[in-house]
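Student: Could you walk me through this structure with some questions and answers? I would like to see how the side chains come together.

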Amino acid sequence: MSTNFNDIVKQGSVRIKNKLGMYQESWLILRRPSSRGPLRLEKFKNEKASMLMESGGKCIELKDIYEIDNIRKDNKSTVNVMFENGKCFQIAVILESEATAWTMFLREFCRLSEQREGPPGMDLLLNSNMQDVFNVFLVETPLLNVCGECLLQVTYDSIYLLDVDDPKRRVTVWPLPSLRRYSRDASKFIFESGRSCKTGEGIFIFNTIHSEDIYQKVSGASNALARLYASPEPNGPNLSSNVSPTRNSEQRPLPPTPGVSNSS
């Protein structure tokens with residue numbers, strides 16, 4: 001968990017090739033995935049513009065990449081980021097050490113290097129279940145002694161809170177059947193836990209760009225559990241007699257929370 005989370009991996013002055021084949025001076029930032037956005041490069045006209053977050057900054061999402069290489073020619077190093085659709089994003093720098101650094105970080109976070117393990121826990125985020133792990137920002141709550149940037153993992157029966165710096169460490173868990181209600185708006189996912197949870201009963205708010213995706217995952221898993229409990233297998237144990245069915249998020253609206261829409 002991190003309250004002072006910094007998603008900037010590397011930044012600096014570079015020259016970027018435009019559509020006309022000419023190189024332009026730019027300020028480039030490599031950002032790791034967070035509650036505010038995916039793994040991406042952000043391009044600004046200069047460092048001041050990046051600090052002011054002026055309009056005009058260009059975002060290049062780093063997905064569907066098949067290769068990143070570094071070519072040294074005419075006293076200039078060029079880092080080529082090649083996408084599966086055939087496009088290529090070129091970064092030129094004077095110092096070979098800078099090109100090496102850009103290449104190393106890009107390959108590590110895009111998981112293209114076979115010789116490096118990458119950032120701690122990155123394998124969890126980039127395995128076949130990546131779609132079930134989401135970057136979120138947990139709003140401070142008296143029910144937990146942690147808050148800030150973290151990860152939510154949605155499984156078939158639970159929601160896990162993971163440490164963003166060590167995703168293999170599970171901070172706490174909320175079984176889906178113990179959730180009383182859950183909802184979302186464009187920038188938040190919220191739920192109310194019951195007394196049977198480790199955290200006790202209360203409302204948890206997560207700021208995230210993935211609110212709709214999380215809601216759909218939780219809703220789908222909850223509905224699947226409800227069907228399982230309601231329809232035991234022939235000659236098998238009656239699951240509904242041992243475990244309470246997952247509550248439908250539509251039963252009752254969440255209590256009013258400032259700045260949060262409770263529509264589902």
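Student: Over the ring of which residue does the charged end of R170 sit?
Tutor: A charge sits over a ring if NZ of Lys or CZ of Arg is within 6 Å of the ring centre and within 35 degrees of the ring normal. The charged end of R170 is 3.7 Å from the centre of the ring in question. That ring belongs to Y160.

Tutor: Before we go on, this is a predicted model, where local features need pLDDT of at least 70, side-chain atom pairs count only at pLDDT 80 or more, and totals for chains, interfaces and linings use all residues. Residues are numbered from 1 along each chain as its sequence is written, and side-chain values use heavy atoms, with hydrogens and water left out.

Student: How far from the ring centre of Y215 is R184?
Tutor: Here R184 lies over the face of Y215. The distance to the ring centre is 3.8 Å.

Student: Are the rings of W174 and F206 stacked or edge-to-face?
Tutor: Rings of Phe, Tyr and Trp (its six-membered ring) pair if their centres lie within 6.5 Å; planes under 30 degrees apart count as stacked, over 60 as edge-to-face and the rest as tilted. The structure holds seven such aromatic pairs. In this one the centres are 6.3 Å apart and the planes are at 80°, so the pair of W174 and F206 is edge-to-face.

Student: Which parts does that pair tie together?
Tutor: Helices (H or I, at least four residues) and strands (E, at least two) are DSSP runs, numbered from the N terminus. W174 lies in one strand and F206 in another, so the pair ties together parts that are 32 residues apart in sequence. Those parts are strand β11 (residues 170–175) and strand β14 (residues 202–207).

Student: Which residues have the most contacts inside the largest nonpolar core?
Tutor: A nonpolar core is a set of buried (under 20% relative accessible area, 1.4 Å probe, protein chains only) Ala, Val, Leu, Ile, Met, Phe, Trp, Tyr and Cys residues joined through side-chain atoms within 4.5 Å. In soluble globular proteins, nonpolar side chains tend to be buried together. The largest core here has 25 residues, and those with the most contacts inside it are W174, F189 and F206.

Student: Which element gives the most to this core?
Tutor: Several elements, including β8, β9 and β14, each supply at least two residues of this core. The one that gives the most, with six residues, is α4.

Student: What span should helix α4 have?
Tutor: The expected span is 1.5 Å times one less than the number of residues. Helix α4 has 20 residues (211–230), and its end C-alpha atoms are 28 Å apart, which agrees with an expected span of 28 Å.

Student: Is E25, which meets R15 in a salt bridge, exposed or buried?
Tutor: A salt bridge is a side-chain nitrogen of Lys or Arg within 4 Å of a carboxyl oxygen of Asp or Glu, and R15 and E25 meet at 3.8 Å. Exposed means over 50% relative accessible area, with partly exposed between that and the buried limit. R15, at 31%, is partly exposed. With 54%, E25 is exposed.

Student: Is E192 buried or exposed?
Tutor: E192 forms a salt bridge with R180, the closest N and O atoms being 3.3 Å apart. R180 has a relative accessible area of 19% and is buried. At 9%, E192 is buried.
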